[in-house]
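Me: Please take me through this structure by question and answer, giving the reasoning before each result.

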Amino acid sequence: MPKSKTLAFLLGLVLTSFAVSSQSRQKPEINYLQFCQGCHRADGSGSRSNDVPDLRGSVGNFLYLKEGRDFLVQVAGVAQAPISDVELAELMNWTLYKFGASEMPDLFVPYDAEEVRKLRMNRPTNTSIIRNNLVQKLMKMNKEISTE
């Protein structure tokens, strides 16, 4: 294949893959409906009988601790969601503003794709123990956390 045709072909591939990836990127609220609502429900209330915590009025408090911020992304259902790091960062930020805006720190720094990528690579297996420890620390800071 002549050099100019090869270059045109490669450019076409790049542009096509960019167009496909940008078209397939969904809004965070749609990703919530697809990947979170099944356990946390549409209103974020969770399911006490299934050990799924209520996000409303408490999820933003996890941001007061570095390990709490990390934990929110490292939970298996979050870390393993079949979406890109960019989409997951957007989903996390949307979820926090939707269900935890009233308790978030004033200086909240939104998640970005690079932070999410790093956190997804380190998924602890003892999430219930980690969550319980975080809840205890946050309660000592007078932060309200759903224990359901």
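**Fold, pocket and selected residues**

In this predicted model, the protein chain has 8 helices and 0 strands.

Me: In what order do the elements of the protein chain run from the N terminus on?
Reply: The secondary structure of the protein chain comes to 8 helices and 0 strands, so with helices counted as DSSP runs of at least four residues, helices are what the order has to list. From the N terminus on, the elements run α-α-α-α-α-α-α-α.

Me: What share of the contacts in the protein chain between residues at least 6 apart in sequence joins residues at least 24 apart?
Reply: A contact here stands for heavy atoms within 4.5 Å. Among the contacts in the protein chain between residues at least 6 apart in sequence, the share that joins residues at least 24 apart is 66%.

Me: How much of the protein chain counts as buried, and how much of its accessible surface belongs to carbon and sulfur atoms?
Reply: Buried means under 20% relative accessible area, and of the 148 residues of the protein chain 38% meet that description. The accessible surface comes to about 9300 Å², and the part of it that belongs to carbon and sulfur atoms is 57%.

Me: Which element gives the most residues to the lining of the largest pocket?
Reply: About 830 Å³ of space lies in the largest pocket, and its lining takes two or more residues from each of α2 (28–35), α3 (37–40), α4 (66–74), α5 (76–79), α6 (85–100) and α8 (127–140). With 6 residues, the element that gives the most to this lining is α8.

Me: Which residues of the lining lie nearest the centre of the largest pocket, and how does the lining divide into nonpolar, polar and charged?
Reply: The lining of the largest pocket has 32 residues, and those that lie nearest its centre are His40, Pro53, Phe71, Val75 and Arg131. By residue type, the lining divides into 19 nonpolar, 9 polar and 4 charged.

Me: How far apart are the end C-alpha atoms of α6, and what span should its 16 residues have?
Reply: At 1.5 Å a residue, the 16 residues of α6 should span 22 Å. The end C-alpha atoms of α6 agree with that expectation, because the distance between them is 21 Å.

Me: Is Thr95 buried or exposed, and what is its relative accessible area?
Reply: Thr95 has its place in helix α6, and, leaving aside its neighbours within four places in sequence, Thr95 is in contact with Tyr32, Leu55 and Gly100. Since the cut-off for buried is under 20% relative accessible area, Thr95 is buried, at 10%.

Me: Which residues does Asn93 touch, not counting residues up to four places away in sequence?
Reply: Asn93 is found in helix α6 and counts as buried, with a relative accessibility of 11%. Once residues up to four places away in sequence are not counted, Asn93 touches Phe108, Pro110 and Tyr111.

Me: How far apart in space are Ala89 and Glu115, C-alpha to C-alpha?
Reply: Ala89 belongs to helix α6 and counts as buried at 4% relative accessibility. Not counting residues up to four places away in sequence, Ala89 touches Tyr111, Asp112, Ala113 and Val116. Ala89 and Glu115 are 26 residues apart in sequence, while their C-alpha to C-alpha distance in space is 8.2 Å.

Me: What is the phi of Arg41, and what is the phi of Asp51?
Reply: Most residues other than glycine have a negative phi. Arg41 lies in the loop between α3 and α4 and is partly exposed, with a relative accessible area of 44%, whereas Asp51, whose place is in the loop between α3 and α4, is exposed at 69%. Neither residue is a glycine, yet Arg41 has a positive phi of about 65°, and Asp51 has a positive phi of about 65°.

Me: How far apart in space are Arg56 and Glu103, C-alpha to C-alpha?
Reply: Arg56 is found in the loop between α3 and α4 and is partly exposed, with a relative accessible area of 41%. Not counting residues up to four places away in sequence, Arg56 touches Asp43, Gly44, Ser45 and Phe99. Arg56 and Glu103 are 47 residues apart in sequence, and their C-alpha to C-alpha distance in space is 9.7 Å.

Terms used: Residues are numbered from 1 along each chain as its sequence is written. This is a predicted model: local features need pLDDT of at least 70, side-chain atom pairs count only at pLDDT 80 or more; totals for chains, interfaces and linings use all residues. Side-chain values use heavy atoms; hydrogens and water are left out. On a 1 Å grid over the protein atoms alone, a cavity is a set of points where a 1.4 Å probe fits but cannot get out, and a pocket is an open set with protein on both sides within 12 Å along at least five of seven lines; lining residues have an atom within 4 Å of a point. Grid points are joined across faces, edges and corners, and a volume is the space filled by probe spheres set on the points. Ala, Val, Leu, Ile, Met, Phe, Trp, Tyr, Cys and Pro count as nonpolar, Asp, Glu, Lys and Arg as charged, and the others, Gly among them, as polar. The expected span of a helix is 1.5 Å times one less than its number of residues. Buried means under 20% relative accessible area, exposed over 50%, partly exposed in between (1.4 Å probe, protein chains only). Accessible areas come from the Shrake-Rupley method with a 1.4 Å probe; for residues, only the protein chains shown count as cover.
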